[in-house]
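Subject: Structure handover and findings

Hello,

The structure we discussed is handed over below. Please keep it open while you read the notes that come after it.

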Amino acid sequence: MSSGQAARRVRILRAASELGAREGLASVQMHDVAKEAGVAIATLYRYFPSKPYLFMAVLEWHIEQFVGGHGHTAAAEGTDPAAEIAELLISLSVKLLDSPLLASAVALSSFTEYTSVVQARTDLVDNPLGQAILRLLRGGVREASETDRSRARLLIYGWWGLFVAMLTEELTTEEAETNMRLAARLLLTP
C-alpha cells in the first residue's frame, strides 16, 4: 500500500469513526462515509466491501491506536504480567466505551456477515493487541510458545465477551474489571 493509499484508508476510518460515534451503525450510510472522507464511493468499496467490514476495520484501527499510543512492551522486572495484561484490556474497554454508539457499531458489525466477507483472517494473536499481550506475557526474553499464544487468544476472547457485556449493561464496569483480572490471573498464573 502506498503512502497515499494508507492516508486515504485512515481518512475513511476516521470518517466512519466520527459518523459511527454520532449516529450509530444503523444510521451510517456508506455514501456519507465516502463524502466525509473525501473519496469516491467506489474507492470506499474497494477498501471496505461492506459496512460491517468497515466497522470491524474501525475497531482494529482503534485497537492499533490504543496499543501504539501506550507503548506496551515487555513487562518490567518484578511486575506481574497478569495484572499488567488485565489493566491493558480494562483500559482498552474503557477507551472504547467512551463512545457508546461507536462501541455498539463495532460490536454489532462483529455479529453480522463480516466472516463471510473476509475469506481468511490472521490469528488473533498476530494483531497489535495479541502482540502487546505476548510481549507482556513473555517479558520480552523468549519466543512465544504455543501455550503463550493460546493463553493470549483466550484472554482476547474473554475480553471481547466482557466488553460486550459491559456495552449491553449485563455487567457493571466494576464486575467486568473484576472478571478480567480473574481471567488473567487464572490463565497466566502457573
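What follows is a summary of what was found, going from the whole chain to single helices and residues.

Overall

The model is a predicted one. The chain has 10 helices and 0 strands, so the pattern along the sequence is simply α-α-α-α-α-α-α-α-α-α. Of its 190 residues, 41% are buried. Taking contacts between residues at least 6 apart in sequence, 73% join residues at least 24 apart.

The cavity

How many cavities of 30 Å³ or more does a search of the whole structure find? The search finds 1. The largest cavity holds about 50 Å³ of space. Its lining consists of L89, I90, S93, W159, L162, F163, M166, A176, E177 and M180. Helix 5, helix 9 and helix 10 each contribute at least two residues to this lining, and helix 9 has the largest share, with 4 residues. Sorted by class, the lining of the largest cavity comprises 8 nonpolar, 1 polar and 1 charged residues.

S93, one of the lining residues of the largest cavity, belongs to helix 5. S93 has a relative accessible area of 4% and is therefore buried, the cut-off for buried being under 20%. Neighbours within four places in sequence aside, S93 contacts W159, F163 and M166. These three residues are also listed in the lining of the largest cavity.

A86 is another residue of helix 5. With a relative accessibility of 1%, A86 counts as buried. When residues up to four places away in sequence are not counted, A86 touches M180, R181 and A184. Of these, M180 also appears in the lining of the largest cavity. A86 and I133 are separated by 47 residues in sequence, and their C-alpha atoms are 9.4 Å apart in space.

The second largest pocket

The second largest pocket contains about 210 Å³ of space. It is lined by 14 residues, and those nearest its centre are H62, K95, L96, S99 and L102. At least two lining residues come from each of helix 1 (3-23), helix 4 (51-70), helix 5 (81-97) and helix 6 (100-110). Helix 4 gives the most, 4 residues. The lining of the second largest pocket divides into 7 nonpolar, 4 polar and 3 charged residues. Helix 5 thus has a part in two linings: it supplies at least two residues to that of the second largest pocket and at least two to that of the largest cavity.

Helix 8

Helix 8 covers residues 128-138, and 8 of its 11 residues are buried, so the rest of the structure largely encloses it. The buried residues are L129, G130, A132, I133, L134, L136, L137 and R138. I133 is the residue paired with A86 in the C-alpha distance given above. At the N-terminal end of helix 8, N127 acts as a cap: one of its side-chain oxygens is 3.0 Å from the backbone nitrogen of L129. After helix 8 comes G139, which has a positive phi near 70 degrees.

Helix 2

Which residues of helix 2 (residues 30-37) are buried? They are M30, V33, A34 and A37. Viewed down the axis of helix 2, these buried residues fall within an arc of 100 degrees, so they line one face of the helix. H31 and K35, on the other side of helix 2, are exposed. Helix 2 is followed by G38, with a positive phi near 75 degrees.

The loop at E169

E169 sits in the loop between helix 9 (146-167) and helix 10 (173-188). Although E169 is not a glycine, its phi is positive, at about 60 degrees. Is E169 buried or exposed? Its relative accessible area is 72%, so E169 is exposed, the cut-off for exposed being over 50%. The two helices that flank this loop each supply at least two residues to the lining of the largest cavity.

Regards

Terms used: Residues are numbered from 1 along each chain as its sequence is written. This is a predicted model: local features need pLDDT of at least 70, side-chain atom pairs count only at pLDDT 80 or more; totals for chains, interfaces and linings use all residues. Side-chain values use heavy atoms; hydrogens and water are left out. On a 1 Å grid over the protein atoms alone, a cavity is a set of points where a 1.4 Å probe fits but cannot get out, and a pocket is an open set with protein on both sides within 12 Å along at least five of seven lines; lining residues have an atom within 4 Å of a point. Grid points are joined across faces, edges and corners, and a volume is the space filled by probe spheres set on the points. Ala, Val, Leu, Ile, Met, Phe, Trp, Tyr, Cys and Pro count as nonpolar, Asp, Glu, Lys and Arg as charged, and the others, Gly among them, as polar. Buried means under 20% relative accessible area, exposed over 50%, partly exposed in between (1.4 Å probe, protein chains only). A polar contact is a pair of N or O atoms within 3.5 Å; within protein, one must be able to donate a hydrogen and the other to accept it, and residues adjacent in sequence count only if both atoms are side-chain atoms. The arc is that of the directions from the helix axis to the C-beta atoms. Contact means heavy atoms within 4.5 Å.
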